[in-house]
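Visitor: I should like a close look at a single part of this model. Please take one helix, its surroundings and its links to the rest of the chain, and set them out in one connected account.

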Amino acid sequence: MKKFLLPLLLVPMMFGVFSKNTVKNEVFELKTPVISYAIRLNDEHPFLDYWASFREAHPAVCDITKEEFKEMYIVYMGLSQEEKDYVNAQDDGVEEGYTIGQVIRTLVNKYYPNHNKVKEEKQKLDQSSIIVIATVVALVGATAISILYILKNQKVIK
């Protein structure tokens with residue numbers, strides 16, 4: 001019985017009845033590979049067009065109000081990281097030598113200053129000035145204790 005069932009089960013596999021490579025729909029077949037090129041135009045970056053109109057309306061960066069900045073920043077934050085990198089590297093168009101990223105950073109620092117940087121910018125005392133201050137405080141303390149001791153021995157104070 002085993003000799004009869006084994007060939008009976010193997011015959012359909014030999015003819016490909018249970019084959020996974022059967023394609024009944026030719027839509028998914030690819031006869032020849034196709035290479036496509038992507039050309040980056042301003043159409044792919046509508047933010048650049050938006051930026052040009054924004055900067056024409058606001059030629060002076062210092063005169064941009066916080067509400068106008070917020071509107072522009074919402075559009076900017078909608079970009080992906082790759083798009084932000086590309087946009088940040090583009091020239092501003094209004095002010096020569098500045099990029100869009102530098103202008104946006106300037107506006108962010110203007111309206112949302114980082115107080116941690118301000119704290120870090122405070123000057124710290126160097127080692128020699130700390131030693132001088134500690135020595136002066138120690139001398140004043142020792143002098144005060146000495147004066148109190150002399151006054152107690154002279155019986156000026158009890």
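**Helix α2 and its surroundings**

Guide: Of the 158 residues in the protein, buried residues make up 15%. The model is a predicted one, and its pLDDT averages 78, with 68% of the residues scoring at least 70. Confidence is highest in helix α7 (residues 127–153), at a mean of 92, and lowest in helix α6 (residues 115–121), at 62. The secondary structure consists of seven helices and zero strands. Among contacts between residues at least 6 apart in sequence, 57% join residues at least 24 apart.

The part chosen here is α2. This helix has twelve residues, and the distance from its first C-alpha to its last is 17 Å, close to the 16 Å expected at 1.5 Å a residue. Its buried residues are F47, L48, W51, F54 and R55. They lie on the same side of α2, because the arc they cover around the axis is only 120°. In general, an α-helix has 3.6 residues a turn, so residues three or four places apart point the same way. The buried residues of α2 pack against three other helices, namely α3 (66–77), α4 and α5. On the face turned away from this buried side, α2 carries the exposed residues P46, E56 and A57.

One of the buried residues, R55, also takes part in a charged pair. R55 forms a salt bridge with D92, and the closest N and O atoms of the two are 2.8 Å apart. R55 belongs to helix α2 (residues 46–57) and D92 to the loop between α4 (81–88) and α5 (100–111), so the pair ties together parts that are 37 residues apart in sequence. Both partners, D92 and R55, are buried. With a cut-off of 4 Å between a side-chain nitrogen of Lys or Arg and a carboxyl oxygen of Asp or Glu, the count comes to one salt bridge. Side chains of opposite charge can pair when their charged atoms come close.

The loop that holds D92 can be followed further through T99, which is also found between α4 and α5. T99 touches D92, and it touches N88, A89, Q90 and D91 as well, when residues up to four places away in sequence are not counted. The side chain of T99 also reaches the backbone oxygen of N88, at 3.4 Å. T99 thus shares a contact with D92, the residue that pairs with R55 of α2.

On the other side in sequence, the loop between α2 and α3 contains H58. H58 has a relative accessible area of 15% and is therefore buried. Its side chain reaches back to the backbone oxygen of F54, at 2.9 Å; F54 is one of the buried residues of α2. Leaving aside neighbours within four places in sequence, H58 is in contact with I64 and E68.

For comparison, another helix and its flanks may be considered. α7 has 27 residues and reaches 39 Å from its first C-alpha to its last, close to the 39 Å expected at 1.5 Å a residue. L125 is placed in the loop between α6 and α7, and this residue is exposed, with a relative accessible area of 57%. Not counting residues up to four places away in sequence, L125 touches I130 and I133. Just after α7, K155 takes a positive phi of about 60°.

Methods. Residues numbered from 1 in each chain as written. Predicted model: local features only at pLDDT ≥ 70, side-chain atom pairs only at ≥ 80, totals over all residues. Heavy atoms only, no water. Helix = DSSP H or I, 4+ residues; strand = E, 2+ residues; numbered from the N terminus. Buried < 20%, exposed > 50% of the residue type's maximum accessible area, 1.4 Å probe, protein only. Expected span 1.5 Å × (residues − 1). Arc of directions from axis to C-beta. Contact = heavy atoms within 4.5 Å. pLDDT = per-residue confidence, 0-100. Polar contact = N/O pair within 3.5 Å; in protein donor to acceptor, adjacent residues only side chain to side chain.
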